[in-house]
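Work through the following exercises with the structure open beside you, and try each task before you read its solution.

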Amino acid sequence: MMKSNRSIPAATSIPVLIYPDVREAVAWLGSAFGFEERVKIGENHRAQLRAGDGAVIVGDVRGDRRPPRECEVTHSVMVRVEDARAHCERARANGARIIDELTDFPYGERQYTAVDLAGHRWTFSETIEDVAPETWGGVTVGKNE
């Protein structure tokens with residue numbers, strides 16, 4: 001078990017995403033996606049956000065750290081939500097560009113993909129059914145929890 005430290009989110013995996021304006025990103029991500037700020041570091045340097053039981057760190061442009069460029073996809077962050085339809089409506093109402101509309105997939109997930117104010121891609125996923133990977137062409141490997 002990992003040691004606890006109030007200065008870092010407890011999540012095992014924490015994406016760090018770069019934004020031109022950290023404070024604007026924190027406000028937008030809260031309004032559009034419902035994330036909550038947990039730690040502010042400097043006036044416009046970094047912020048740690050809660051996303052359910054996960055986390056994301058918003059970082060400033062500095063040195064070789066840059067947000068995504070137009071028409072270039074280098075990553076996508078997936079976040080599980082309880083109600084993807086309501087989440088999508090909230091995101092759209094707050095200016096998120098929806099690039100993949102809400103879709104039910106044979107692997108038991110309802111998902112949509114949005115682009116945020118800096119060009120980062122986010123996929124939000126609601127579990128609608130417990131489905132064995134073998135039923136849709138996947139293969140279970142190793143220990144699954």
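A salt bridge is counted here when a side-chain nitrogen of Lys or Arg lies within 4 Å of a carboxyl oxygen of Asp or Glu. The model is a predicted one, and by this rule the count comes to eight salt bridges.

**Exercise 1.** Decide how helix H1 and helix H2 are oriented towards each other, and describe which residues make up their contact.

Solution. Two packed helices are described by the angle between their axes and the distance between the axes. Begin, then, with these two values: the axes of H1, residues 22-33, and H2, residues 84-93, come within 7 Å and cross at roughly 135°. Next, compare the angle with the cut-offs, by which angles over 145 degrees count as roughly antiparallel and those from 65 to 115 as roughly perpendicular. The crossing angle falls in neither class, and therefore H1 is oblique to H2. Finally, turn to the residues that meet: Gly-30, Ser-31, Ala-32 and Phe-33 belong to H1, while His-87, Arg-90 and Ala-91 belong to H2. Sorted by class, this contact has three nonpolar, three polar and one charged residues.

**Exercise 2.** Find the partner of Arg-110 in a salt bridge, and work out whether each of the two residues is buried or exposed.

Solution. First, identify the pair: Arg-110 forms a salt bridge with Glu-126, and the closest N and O atoms are 3.7 Å apart. Second, place both residues along the chain, where Arg-110 sits in strand S7 (residues 109-115) and Glu-126 in strand S8 (residues 121-127), so that the pair, 16 residues apart, links distant parts of the chain. Third, recall that buried means under 20% relative accessible area. Arg-110, at 17%, therefore counts as buried, and Glu-126, with 11%, is buried as well.

**Exercise 3.** Describe the salt bridges of Glu-43 and Glu-72, and state how accessible the residues in each pair are.

Solution. Start with Glu-43, which forms a salt bridge with Lys-40, the closest N and O atoms being 3.4 Å apart. Since exposed means over 50% relative accessible area, and partly exposed lies between 20% and that value, Glu-43 is exposed at 59%, whereas Lys-40 is partly exposed at 43%. Continue with Glu-72, whose side chain meets that of Arg-69 in a salt bridge of 3.0 Å from N to O. Here Glu-72 is partly exposed, with 34%, and Arg-69, at 58%, counts as exposed.

**Exercise 4.** Which residues are linked in a network of salt bridges?

Solution. The network of salt bridges links Asp-60, Arg-62 and Arg-65.

Notes
Residues numbered from 1 in each chain as written. Predicted model: local features only at pLDDT ≥ 70, side-chain atom pairs only at ≥ 80, totals over all residues. Heavy atoms only, no water. Axes fitted to C-alpha atoms, helices over the stretch in contact; angles between N-to-C directions. Helix = DSSP H or I, 4+ residues; strand = E, 2+ residues; numbered from the N terminus. Parallel < 35°, antiparallel > 145°, perpendicular 65-115°, else oblique. Contact = heavy atoms within 4.5 Å. Nonpolar A, V, L, I, M, F, W, Y, C, P; charged D, E, K, R; others polar. Buried < 20%, exposed > 50% of the residue type's maximum accessible area, 1.4 Å probe, protein only.
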